[in-house]
Amino acid sequence: MTTLGIILASARPNRVGAHVLEWVTATLDDRFDVDVIDLKEVALPAFDGLTSPKQGQPKTEQHAIDWGARIESLDALLILTPQYNGAYPGQLKNAIDFLYAEWESLPTFLVGYGWNDANEVLPMLETLMGRVGAEVVGSVGLGFRADLSVDGELFIREEKSAALREGADLLAAKAPAQVG
Ligand SMILES: Cc1cc2nc3c(=O)[nH]c(=O)nc-3n(C[C@H](O)[C@H](O)[C@H](O)COP(=O)(O)O)c2cc1C
């Protein structure tokens, strides 16, 4: 099985992201062993490493060690992010900043939601993930009114589901199932 991490980036109690997550998991097939990584539960503090993770020094804090091990265990990644002030939520940037080598070459697909098909956050997040060395294979943006209501009612366009299925194919191809 290919272990796919799905990062749920919103930490709001009534997050629309929870509904979007249901669509994502229902659209993916059983090729993946899914690890839902809820940043609200991961609850990292503001980055507190002694050095830049890019330097590759041993992590000193237990939360950083645990976070690194969780991402290291993945074969592929899907990031589910809202668009906040034209960008990703701060806790997502913080969670990414905590690590470096763990992101490298990790096949990654992005799902954004917001107004105008989340067209601001997706290119920004693609740049960020590229910067830390992840292999971004694609993205899909869901739009309020077109695909979902602001309360999280879903009426997602078929082309968006097709784009997610294509993304899943790319992730599976880049991260072949582990044997044993
Ligand atoms: C702080 C904040 C800033 C926002 N800024 C934007 C924005 O720039 N563009 C946009 O499309 N939606 C924006 N929104 C609306 C969110 O896309 C919407 O509230 C969405 O439901 C947030 O995802 P969540 O419910 O999973 O947290 C913003 C919402 C918040 C809370």
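Me: How many bridges join β1 to β3?

Reply: Strands in a sheet are held in register by backbone hydrogen bonds, in either a parallel or an antiparallel sense. In this predicted model, β1 and β3 run parallel and are joined by 5 bridges. One spot to look at is G5, which stands opposite L77 in β3.

Me: Which residue is the bridge partner of L77 in β4?

Reply: That partner is T108. Strands β3 and β4 pair in the parallel sense, over 6 bridges. L77 thus gives you a handle on both pairings: G5 stands opposite L77, and T108 is the bridge partner of L77 in β4.

Me: In what order do the 5 strands of the open sheet come?

Reply: Strands of a sheet may pair either parallel or antiparallel. Here the order is β2-β1-β3-β4-β5, with parallel pairing, and the sheet is open. The edges are taken by β2 (32–38) and β5 (135–143); each has a single partner strand, so one side of each is left without a neighbour in the sheet. From one strand to the next, the twist averages 20°.

Me: Over how many bridges do β1 and β2 pair?

Reply: Strand β1, residues 2–8, pairs with β2 in the parallel sense over 7 bridges. To find the place on screen, pick L8, which stands opposite D38 in β2.

Me: Is β3 largely enclosed or left open by the rest of the structure?

Reply: A helpful starting idea is that side chains in a regular strand alternate between the two faces of the sheet. For β3 we can check each face in turn. On one side A76, L78, L80 and P82 are buried, and on the other L77, I79 and T81 are buried, so both faces are covered. As 7 of the 7 residues of β3 are buried, the strand is largely enclosed by the rest of the structure.

Me: Which residues touch the most other members of the largest nonpolar core?

Reply: They are L78 and L80, in a core of 45 residues. Strand β3 (residues 76–82) supplies the largest share of this core, with 5 residues. For L80, leave aside neighbours within four places in sequence: the contacts are then I6, I7, L8, A9, G17, V20, L21, V24 and V111.

Me: Where does helix α5 lie?

Reply: Helix α5, residues 121–131, lies across β3, β4 (107–114) and β5, and runs at about 155° to β4.

Me: Which residues surround the ligand?

Reply: The shell consists of S10, R12, R15, V16, G17, P82, Q83, Y84, N85, G86, G114 and W115. Sorted by class, that shell has 4 nonpolar, 6 polar and 2 charged residues. Two of the names have come up before: G17 is among the contacts of L80, and P82 is one of the buried residues of β3.

Me: What is the phi of A43?

Reply: A43 is not a glycine, yet its phi is positive, at about 50°. You will find A43 in the loop between α2 (39–42) and α3 (62–72). A43 is exposed, with 10 other C-beta atoms within 10 Å.

Me: Where is D117, and what is its phi?

Reply: D117 sits in the loop between β4 and α5. Its phi is near 55°, again a positive value in a residue other than glycine. D117 counts as partly exposed, with 19 C-beta neighbours inside 10 Å.

Me: How far apart are A163 and G138 in space?

Reply: Their C-alpha atoms are 8.7 Å apart, while in sequence the two are separated by 25 residues. A163 belongs to helix α6, residues 158–174.

Definitions and conventions:
Residues are numbered from 1 along each chain as its sequence is written. This is a predicted model: local features need pLDDT of at least 70, side-chain atom pairs count only at pLDDT 80 or more; totals for chains, interfaces and linings use all residues. A nonpolar core is a set of buried Ala, Val, Leu, Ile, Met, Phe, Trp, Tyr and Cys residues joined through C-beta atoms within 7 Å. A residue is buried if 20 or more other C-beta atoms lie within 10 Å of its own, exposed if 12 or fewer, and partly exposed in between; C-beta atoms are placed from the backbone. Helices (H or I, at least four residues) and strands (E, at least two) are DSSP runs, numbered from the N terminus. Two residues are in contact if their C-beta atoms, placed from the backbone, lie within 7 Å. Two strands pair if DSSP finds at least two bridges between them. Axes are lines fitted to C-alpha atoms, for helices over the stretch in contact, and angles run from 0 to 180 degrees between N-to-C directions. A residue is near a molecule or strand if its C-beta atom, placed from the backbone, lies within 6 Å of it. Ala, Val, Leu, Ile, Met, Phe, Trp, Tyr, Cys and Pro count as nonpolar, Asp, Glu, Lys and Arg as charged, and the others, Gly among them, as polar.
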